[in-house]
Amino acid sequence: LIISNEENIKKFKIKFMVWLLAKYRKYFKLTKKKMMGGEISEDDRKELKIVQKYWRDNYKSKLKFVAIADADMNIVKKKIRENVLKYGYDTVLYDTFKLDFEDANSKEYISLIRDSRELDKLAKKYNIIMLASLQLAIYTLGKLFLDSSVLSMGKQIKEVLEGLMLMRTVYPEELDPDNKKFYCRPFRSKKVNDKWIEEPYEPDQTATWRMLFVDKTRNGSNSSDTGVAYLLRFNGEFATFKETAKCRPRHGKIE
């Protein structure tokens with residue numbers, strides 16, 4: 001069950017179809033932009049029919065999208081209860097917690113923390129997986145090593161979480177081996193003679209990258225423990241992320 005105060009159902013379906021074309025069919029001729037503009041060729045239509053059937057066979061009745069006008073937790077809770085009890089959904093994604101950390105006052109922070117605890121209560125009561133996305137504030141731009149401090153006073157929501165992952169854009173300086181100050185030292189783990197070694201990796205500097213930090217996990221080490229984050233290759237036109245390598249980002253800030 002996906003509940004969103006960000007996008008309408010039409011945009012979500014377009015993204016899902018494009019994602020299926022890329023992941024299931026390895027078809028990259030039809031982008032989100034073309035679909036939204038109605039630029040669909042005969043080849044595109046043939047591929048769309050295939051993934052539409054794949055949707056019906058694998059996702060129909062298993063995935064539901066609900067669009068709401070604003071971040072009203074009462075409506076969110078009502079939709080969760082209704083769909084879990086009536087239709088048996090076992091996983092909920094709520095997109096997006098709304099709060100501007102730069103301008104928010106203490107009452108808004110308290111509201112955010114209270115809402116996170118409400119979602120936690122629902123997850124435990126109905127034995128479901130609860131996921132929620134939260135936008136980072138503009139003032140975090142340039143910060144290289146992310147941790148829960150980027151949530152400012154809202155970091156108390158971390159208490160109820162099983163896991164907290166933080167993602168940001170990768171800066172060109174971080175992929176440049178000659179930039180000793182900001183280079184993030186990408187690598188891949190490789191098993192050689194029953195031992196894991198770190199093999200240096202050279203990312204495509206013309207591609208678009210995201211960096212993912214594991215700030216909290218109850219099943220292993222986090223990024224603050226290991227100093228390691230993950231490099232994800234991002235293709236927005238096809239709504240895809242690909243976990244490509246690990247890295248050791250610097251501490252500090254790019255101004």
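Among contacts between residues at least 6 apart in sequence, 65% join residues at least 24 apart. The model in which these contacts occur is predicted, with an average pLDDT of 90 and with 95% of the residues scoring at least 70. Confidence varies among the elements: helix H5 (residues 106-126) has the lowest mean pLDDT, 86, and strand S9 the highest, 97. The protein comprises 6 helices and 10 strands. Its C-alpha atoms fill a box of roughly 55 × 55 × 40 Å along the principal axes, and buried residues account for 38% of the 255 residues.

The largest nonpolar core contains 38 residues. Ile-3, Val-76, Ile-80, Tyr-94 and Met-211 have the most contacts inside this core. Two or more residues are contributed by each of the helices H4 (73-87) and H5 and by each of the strands S3 (91-97), S5 (163-169), S8 (209-217), S9 and S10. The greatest contribution is that of H5, which supplies 6 residues. Leaving aside residues up to four places away in sequence, Tyr-94 touches Ile-3, Asn-5, Ile-68, Ala-71, Met-73, Val-76, Leu-119, Leu-131, Ala-132 and Ser-133. A second core, separate from the largest, has 16 residues, including Phe-12, Ile-14, Val-51 and Phe-65. In soluble globular proteins, nonpolar side chains tend to be buried together.

Helix H4 consists of 15 residues, for which a rise of 1.5 Å a residue predicts a span of 21 Å; the end C-alpha atoms are 21 Å apart, in agreement with this expectation. Met-73, Val-76, Lys-77, Ile-80, Asn-83 and Val-84 are the buried residues noted in H4. These residues cover an arc of only 145° around the axis and therefore lie on the same side of H4. The face turned away from the buried side carries the exposed residues Asn-74, Lys-78, Leu-85 and Lys-86.

The loop between H4 and S3 contains Tyr-89. This residue counts as buried because its relative accessibility is 11%, below the 20% limit. When residues up to four places away in sequence are not counted, Tyr-89 touches Leu-1, Ser-61, Lys-62, Leu-63, Lys-64, Asn-83, Val-84 and Ile-128. Of these contacts, Asn-83 and Val-84 are also among the buried residues of H4. Tyr-89 and Ser-61 are 28 residues apart in sequence, with a C-alpha to C-alpha separation of 9.7 Å.

A corresponding analysis was made for helix H3 (residues 42-58). Its 17 residues should span 24 Å at 1.5 Å a residue, and the distance of 24 Å between the end C-alpha atoms agrees with that value. The buried residues of H3 are Asp-44, Glu-47, Leu-48 and Val-51. Viewed down the helix axis, these residues fall within an arc of 105°, so they line one face of H3. Exposed residues Glu-42, Lys-46 and Lys-49 are carried on the face turned away from the buried side. The cover over the buried residues of H3 includes helix H1 (9-23) and helix H2 (32-37). Val-51, buried in H3, also belongs to the second nonpolar core.

Aromatic side chains provide further links between parts of the chain. The count comes to 11 aromatic pairs. In one of these, the ring centres of Phe-16 and Tyr-59 are 5.1 Å apart and the planes meet at 80°, so the arrangement is edge-to-face. Phe-16 is located in H1 and Tyr-59 in the loop between H3 and strand S2 (65-67); the pair therefore ties together parts 43 residues apart in sequence. With a relative accessibility of 12%, Phe-16 counts as buried, whereas Tyr-59, at 21%, counts as partly exposed. An edge-to-face pair is also formed by Phe-28 and Phe-238, with a centre-to-centre distance of 5.2 Å and an angle of 90° between the planes. Because Phe-28 lies in the loop between H1 and H2 and Phe-238 in the loop between S9 (229-235) and S10 (240-247), this pair joins parts 210 residues apart in sequence. Phe-28 is partly exposed, with a relative accessible area of 47%, whereas Phe-238 counts as buried at 7% relative accessibility.

One aromatic cluster is formed by Phe-12, Phe-16, Trp-19, Tyr-24, Tyr-54, Trp-55, Tyr-59 and Phe-65. Both partners of the Phe-16 and Tyr-59 pair belong to this cluster. Phe-12 and Phe-65, also members of the cluster, are included in the second nonpolar core.

Methods. Residues are numbered from 1 along each chain as its sequence is written. Side-chain values use heavy atoms; hydrogens and water are left out. Helices (H or I, at least four residues) and strands (E, at least two) are DSSP runs, numbered from the N terminus. The expected span of a helix is 1.5 Å times one less than its number of residues. Buried means under 20% relative accessible area, exposed over 50%, partly exposed in between (1.4 Å probe, protein chains only). The arc is that of the directions from the helix axis to the C-beta atoms. Contact means heavy atoms within 4.5 Å. Rings of Phe, Tyr and Trp (its six-membered ring) pair if their centres lie within 6.5 Å; planes under 30 degrees apart count as stacked, over 60 as edge-to-face and the rest as tilted. pLDDT is the predictor's confidence in each residue, from 0 to 100. A nonpolar core is a set of buried Ala, Val, Leu, Ile, Met, Phe, Trp, Tyr and Cys residues joined through side-chain atoms within 4.5 Å.
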